[in-house]
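Biologist: Please take me through the charged side chains and the enclosed spaces they line, as I would like a close look at that part alone. I would rather have one connected account than a list.

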Amino acid sequence: MKLIIPTRSPYYFNISVDQFTQSVTWEITTKRKTASGTENIQEESITKQVPSQDFTQMWADVSPIIRDFYHHIPIELSDLQAGGIIRSRNDEVLRVDITVSKTVTAGPSTSGSSTFDCLDGYSLFEEGQNTRTNKDILLEHDSYKMAEDGYFIVPLWVLSGSSDPTINGTPVALLSLDSPLDALQYLIIRGSDYSGDVTVAFGNDSILIEREVACKYPVYDVQFINRFGVIESMEFRAVAKKSMNITKSSFLNSFTDGTSYNTRRHQKREYLISGMNKITLESDYLNENYNKTIEQLMLSEKVWLRQGSNINPVNVSSNSLAFKTRVVDKLISYNLEFGFAHEIMNTV
C-alpha cells in the first residue's frame, strides 16, 4: 500500500457515532516482517465510552502503540561496497491491522477493519493531522552530493507491479516481494561506478546526485533515520575535530590516626569517572536543499557515524543552528557536533 503512517506523529483513527452508540473499541494488531510473510508481535485494544449523545466522532491515537517495535540498524560497509538493491531489516516496516467495533443501545454491534503500513517517521505541523507519506523515493528533496569514491543510499517504497528504478536511464532490477513488508528497499549508489553525476528515477520521483572530487580530509558518512522513517546518508568531507568530555564525582577524605596523616594519599578522592568521545564535523559546500536534510538529521532519534568500516552510534549534540541561504551567506556549509552514544570505558 502506498500511503504510510509516520508513527512519530499522532495518527488518529476516527469512527462516526450517533446517539445510539455506547462505546467504541479499537483492536490493534502490530505485525513485523518474516522471511516469507508476517508475524504478530502485539495485540492491543482500546475502549472508549461515548461521553454524550452530542458526539458524532470518536478517535484513538494508534501511533504510541506501534512505535515500541521498530528496530533500526545502519547499513554496513559490505552492503555499500556490493552496491545494487538490498532489503530493509525485519523491524523497519511494521504493518498494523485495526478493527473498530461499536456497541449500540439497540440493534447489533457493528465493526470494520483496515490495514496500514507504518514507518518510524513524522509529519510536519503545517501538513495537518493524519498526514500519510505518499512518495516513491523516501527523500525530502531532489538534489544531493556524494564523493566520487563514496556511497549514496536511495530508499525506495516498492509496490506490487512497480517498475524498476533507473540510474541514468538504465533499469536496476527490484528485489522480489517475498513478504508484504518488503516494500522498503535500498538502492546503493557507488560513486566509483560512474564518471559523472547520477540521476535516479523511480515511480513519480527522481533525484540528482552530484559526484564530487575526493578531498584531502577523511570522509565521515552519517546515516540517520529521516522524517520518512528510513535510512538516509550524508557525507561530511571537510575538517573533523575530535574531543572528549569527562564527568566525575568527588569527596574529601579525612584520613588521620589523630596524630598524623600520609601526605601521599589523596585527600580529595574522585569516583564514578566516565568519559564520552565527541567529534565536530564540517560539511563541504552545499545547496540550499540541504537545509531540510540538516533539519531532519538534528531531529533524528537514531544516528550512526561511519569512517571506513567502523560504524558507531552517535547522538547529535548541537542543539541549535542558523540555516544559511545563497542570497545572504553566498556559500553554505555547516558544523555539527556529535557525541558517541557509549562511554569510553566498557560499563555493559
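Modeller: A residue is called buried under 20% relative accessible area, exposed over 50% and partly exposed in between (1.4 Å probe, protein chains only). The model is predicted, so local features need pLDDT of at least 70 and side-chain atom pairs pLDDT 80 or more, whereas totals for chains, interfaces and linings use all residues. Residues are numbered from 1 along each chain as its sequence is written, and side-chain values use heavy atoms, without hydrogens or water.

A search of the whole structure turns up 21 salt bridges, each being a side-chain nitrogen of Lys or Arg within 4 Å of a carboxyl oxygen of Asp or Glu. One of them joins Arg 32 to Asp 91, with N and O 2.9 Å apart. Its two ends belong to distant parts of the chain, 59 residues apart, with Arg 32 lying in strand E3 (residues 21-33) and Asp 91 in the loop that runs between strand E6 (84-87) and strand E7 (94-104); helices (H or I, at least four residues) and strands (E, at least two) are DSSP runs numbered from the N terminus. The two partners fall into separate classes of accessibility, for Arg 32 is partly exposed at 24%, while Asp 91 is buried at 11%.

Strand E6 itself supplies a partner to another bridge, between Arg 87 and Asp 178, whose closest N and O atoms are 3.1 Å apart. This pair again links distant parts of the chain, 91 residues apart, Arg 87 being in strand E6 and Asp 178 in the loop between strand E12 (170-171) and strand E13 (184-190). Both ends count as partly exposed, with Asp 178 at 40% relative accessibility and Arg 87 at 29%.

Strand E12 brings in an open sheet of 5 strands, which has mixed pairing and the order E9-E15-E14-E11-E12. E12 and strand E9 (143-147) stand at the edges of this sheet with a single partner strand each, so that one side of each has no neighbour in the sheet; two strands pair if DSSP finds at least two bridges between them. Within the sheet, strand E11 (residues 166-167) and strand E14 (residues 198-202) run antiparallel and are joined by 2 bridges, and Ile 167 stands opposite Val 200 in E14.

The charged groups can also be followed to the cavities, where a cavity is a set of points on a 1 Å grid over the protein atoms alone at which a 1.4 Å probe fits but cannot get out, with lining residues having an atom within 4 Å of a point. Around the largest cavity stand Lys 145, Met 146, Glu 235, Arg 237, Asp 284, Leu 286 and Tyr 290. Among these, Lys 145, Glu 235, Arg 237 and Asp 284 also belong to a network of salt bridges, which takes in Glu 212 as well.

The second largest cavity is lined by Arg 8, Arg 67, Asp 120, Ile 225, Asn 226, Ser 300, Glu 301 and Lys 302. Two residues of that lining, Glu 301 and Arg 8, meet through their side chains in a salt bridge of 3.8 Å, N to O. They come from distant parts of the chain, 293 residues apart: Glu 301 sits in the loop between helix H3 (290-298) and strand E20 (303-307), and Arg 8 in the loop between strand E1 (4-6) and strand E2 (12-16). Glu 301 is partly exposed, with 45% relative accessible area, and Arg 8 is likewise partly exposed, with 28%.

Key
1 Å grid on protein atoms, 1.4 Å probe; cavity = no way out; pocket = protein on both sides within 12 Å on 5 of 7 lines; lining within 4 Å.
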